[in-house]
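Work through these exercises with the model open beside you. Try each task before reading its solution.

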Amino acid sequence: FIHYYRFEAEQNDLISISMDQVSGSIDAYLILANSALQQLFANDDSNETQNSLISQYLIPETGTYYIVATRFEREEGRTTGSYRLELTDHGNAFDGVPEDVRRVDYGTSLSGRIDDITPQIRYAFRAEEGDVIRVSMNQGDGDLDPLINILSESGRVMFSDDDTGGNQNALIAQYTIPYTGVFYVEATRYAGSDNPNTAGSFTLVLAQRMDQ
């Protein structure tokens, strides 16, 4: 009532797995597990059918993974039949991101320095449609006036903040991701005529809000 398939994947690979009924009554149930066979994701019925689909899953770290192909209710289940299993590698989620841009995840705290040599620093992250994120950028030493931009993968500014965090700190308390894909957080500085060329260190935190 259960079959295991093993494969290797690199961190930030995007994969899809489908399990489709070919004959019989089988009610497909798919599980993606890590090397310790701990469940990472599961799917029972896809698109109002008895087929299963795990779509565009982001691999968290390089290593061995398992596909567990079974049926609804597993050992207690009563459906039987043959199935077709397909694993698709969509490439790395950050394939279009320049090599010198750091990839980050939710819950990451970063530090850096903004000055005339490095007036902005970008960090790339992948987000799902509907994710609600929080980004803060607090000044350290110097007179830095922090400014945060959220950019699309093409570099279009989606949202910005200058002083919401108080004391010249920047804070995007709540931003809803409009579509699934790669985005950038750009740490930079306010460059108005009344406060030009500030410089100094900063701490930046990217987090997903779960209280929505």
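**Exercise 1. A strand pair**

Which residue in S5 stands opposite methionine 19?

Solution. This is a predicted model, so read the positions as predicted ones.
- Step 1. Find strand S2, residues 13-21.
- Step 2. Look across to S5. S2 and S5 run antiparallel and are joined by five bridges.
- Step 3. Read off the partner. Serine 52 in S5 stands opposite methionine 19.

**Exercise 2. The three-stranded sheet**

Give the strand order of the open sheet that holds S2, and name its edge strands.

Solution.
- Step 1. Write down the order. Three strands make up this open sheet, as S5-S2-S7. Their pairing is antiparallel.
- Step 2. Find the strands that pair on one side only. They are S5 (52-58) and S7 (83-92), the edge strands.
- Step 3. Check the turn between neighbours. On average, neighbouring strands of this sheet are turned by 10° against each other, direction ignored.

**Exercise 3. The five-stranded sheet**

Work out the order of the open sheet with mixed pairing, and say why one side of S8 has no neighbour in the sheet.

Solution.
- Step 1. Set out the order: S8-S10-S15-S12-S13, an open sheet of five strands.
- Step 2. Go to the edges. S8 (102-103) and S13 (157-161) stand there. Each has a single partner strand, so one side of each is left without a neighbour in the sheet.
- Step 3. Move to the pair S10 and S15. Seven bridges join S10 to S15 (residues 181-189), and the two run antiparallel.
- Step 4. Pick one bridge. Arginine 126 has valine 182 as its bridge partner in S15.

**Exercise 4. Salt bridges**

How many salt bridges does a search of the whole structure find? Then inspect the pairs of glutamate 86, arginine 126 and arginine 113.

Solution.
- Step 1. Start with the total. The search finds seven salt bridges.
- Step 2. Recall the principle. Side chains of opposite charge can pair when their charged atoms come close.
- Step 3. Take glutamate 86 and arginine 84. Their closest N and O atoms are 2.9 Å apart, and the two form a salt bridge. Glutamate 86 has a relative accessible area of 34%, so it is partly exposed. Arginine 84 is partly exposed too, at 48%.
- Step 4. Take arginine 126 and glutamate 128. They form a salt bridge with 2.8 Å between the closest N and O atoms. Buried means under 20% relative accessible area. Arginine 126 has 13%, so it is buried. Glutamate 128 counts as partly exposed at 37%.
- Step 5. Take arginine 113 and aspartate 115. Their salt bridge spans 3.9 Å, N to O. The cut-off is within 4 Å, so this pair counts. Arginine 113 is partly exposed, with 41% relative accessibility.
- Step 6. Extend that pair. Arg113, Asp115 and Asp141 are linked in a network of salt bridges.

**Exercise 5. The largest pocket**

Which residues lie nearest the centre of the largest pocket? Which element gives the most to its lining?

Solution.
- Step 1. Note the volume. The largest pocket holds about 360 Å³ of space.
- Step 2. List the central residues. Leu58, Asp105, Tyr106, Arg126 and Glu128 lie nearest the centre, out of 19 lining residues. Arg126 and Glu128 are the salt-bridge pair from Exercise 4.
- Step 3. Assign the elements. S5 and S10 (121-127) each give two or more residues to the lining. S5 gives the most, with four residues.
- Step 4. Sort the lining by type. Ten residues are nonpolar, five are polar and four are charged.

**Exercise 6. Positive phi**

Where do glutamate 48 and glutamate 73 lie, and are they buried or exposed?

Solution.
- Step 1. Check the backbone. Glutamate 48 has a positive phi of about 60°, although it is not a glycine. For glutamate 73, also not a glycine, the positive phi is about 70°.
- Step 2. Place each residue. Glutamate 48 is in the loop between S4 (39-43) and S5. Glutamate 73 is in the loop between S6 (63-71) and S7.
- Step 3. Apply the cut-offs. Exposed means over 50%. Glutamate 48 has 84%, so it is exposed. Glutamate 73 has 46%, so it counts as partly exposed.

Definitions and conventions. Residues are numbered from 1 along each chain as its sequence is written. This is a predicted model: local features need pLDDT of at least 70, side-chain atom pairs count only at pLDDT 80 or more; totals for chains, interfaces and linings use all residues. Side-chain values use heavy atoms; hydrogens and water are left out. A salt bridge is a side-chain nitrogen of Lys or Arg within 4 Å of a carboxyl oxygen of Asp or Glu. Buried means under 20% relative accessible area, exposed over 50%, partly exposed in between (1.4 Å probe, protein chains only). Two strands pair if DSSP finds at least two bridges between them. Axes are lines fitted to C-alpha atoms, for helices over the stretch in contact, and angles run from 0 to 180 degrees between N-to-C directions. On a 1 Å grid over the protein atoms alone, a cavity is a set of points where a 1.4 Å probe fits but cannot get out, and a pocket is an open set with protein on both sides within 12 Å along at least five of seven lines; lining residues have an atom within 4 Å of a point. Grid points are joined across faces, edges and corners, and a volume is the space filled by probe spheres set on the points. Ala, Val, Leu, Ile, Met, Phe, Trp, Tyr, Cys and Pro count as nonpolar, Asp, Glu, Lys and Arg as charged, and the others, Gly among them, as polar.
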